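Here are a few notes to read alongside the picture. Keep the model open and follow each point as you go.

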Amino acid sequence: MHYKSLADLLNEFHRARVLVLGDVMLDRFVYGAVERISPEAPIPIMTVERVSDMPGGAANVARNIAALGAQCTLIGVVGADGSAEDLRGQLDATPTINARFIVDASRPTTVKTRYVSDRQQMLRADRESKAPVSGEASETLLSAVQQALSQTDVLVLSDYAKGVLTDDITSKVIKMARDAGKPIIVDPKTRSLTKYSGATVLTPNRHELQLACGNDCKTDAQVVQGAHEFLDKGVCDAMVVTRGADGMSVIKKDTTAAHLHTMAREVFDVSGAGDTVLAVLSLGLAAGGELIDVSRIANIAAGIVVGKPGTATVSTGEIITSIDADSRPATSDKIFSLARV
């Protein structure tokens, strides 16, 4: 499908139906003031002013999809605890997210607690288990994926290495999706990218690609070479490598790689930026867009979301505004040539 502009493609996002499977978690932000050092140890004392909870991990991918106007089915595993209820409460506030949580009483719900003072993160404390989910939870999860696939356009795997996307589960759900003719987009968190063989698009960051291929991935050429180690083996059809301040690279097997410069104007908090990229890619491909065009939108969205505090989302309106601003001439209307004075 050909779109006249990025805005035309963006306007089709609301039609997409996305299935997200992966490690759900609760992102908790504790905000306060630090005015002195503890007499017990050389550590700051924070006076807590407020606490804010947000869906994190795969749940934040779902939240980003919903913020862009689309329907999302979210499948994940939680513990039998209060944090699971807190996460459900956060997601229940968004009617376009259908959260299907499998309870595994042998593990806690993953919670990442960040302590923030004067706009700076001072400490992060994680409560989690990285052990594989129980056999019973695995079977229930696979059954839920099989049921949901027929009602979705694209499968997203959000792997935070917390025990949900085991090798067995990953290979089985990728086969399910391929048999159903659905694109598969994966945010990997393992050194062995072959775990995701059969995926349509992998979205590693530069560090993850470097660990996987065993070579530096600093320059454009090095990133392309690292990606081709897996593309040439048929692990995936394409890679979108996020590179922080250097933007992102879009690499396919038989075409010239494209390197997109970062669109961030101010970096406030990078928490969840990869989830935003994953959400945009899934919606763009579900809408029939070309990967390079979809990646341009994802790059713009990431540039917006890192300028916000916490685990943030971005709207289609914000992206369109940014596209319009970037397409305007650099010269201001308030600057005149001598001939016009």
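1. A quick definition before we start: two strands count as paired if DSSP finds at least two bridges between them. Also keep in mind that this is a predicted model.

2. Now to the sheet. It is an open sheet of nine strands, and the order across it is β5-β4-β1-β8-β9-β10-β11-β12-β13, with mixed pairing. At the edges sit β5 (97–103) and β13, each of which pairs on one side only. On average, neighbouring strands here are turned by 20° against each other, ignoring direction. If "pairing" sounds vague, strands of a sheet pair through backbone hydrogen bonds, either parallel or antiparallel.

3. Have a look at the β11 end of that order. Strand β11 (residues 236–242) and β12 run antiparallel and are joined by five bridges. To find the match-up on screen, look for T242, which stands opposite M248 in β12. The two strands form a hairpin with five residues between them, and G244 in the turn has a positive phi of about 60°.

4. Moving on to the other neighbour of β12: strand β13 (residues 258–260) pairs with β12 in the antiparallel sense, over three bridges. Two partners are handy landmarks: M248 is bridged to L260 in β13, and S249 to H259. Here, too, there is a hairpin, with five residues between β12 and β13.

5. Is strand β12 enclosed or open to the outside? Four of the five residues in β12 (residues 248–252) are buried, so the rest of the structure largely encloses this strand. The cut-off behind "buried" is a relative accessible area under 20%.

6. Next, find the helix that lies across part of the sheet. Helix α2 (residues 58–67) lies across β1 (17–22), β4 (71–78), β5 and β8 (154–158), and it runs at about 170° to β4.

7. Finally, a loop worth a look. Which residue in the loop between β6 (110–117) and β7 (120–127) has a phi near 55°? That is D118, and its phi is positive although the residue is not glycine. R119 has its place in the loop between β6 and β7 as well; its phi is near 65°, again a positive value in a residue other than glycine.

8. Are these two loop residues buried or exposed? The cut-off for exposed is over 50%. D118 has 69% relative accessibility, so it counts as exposed. R119 has a relative accessible area of 53%, so it is exposed too.

How values were computed. Residues numbered from 1 in each chain as written. Predicted model: local features only at pLDDT ≥ 70, side-chain atom pairs only at ≥ 80, totals over all residues. Heavy atoms only, no water. Buried < 20%, exposed > 50% of the residue type's maximum accessible area, 1.4 Å probe, protein only. Axes fitted to C-alpha atoms, helices over the stretch in contact; angles between N-to-C directions. Contact = heavy atoms within 4.5 Å.
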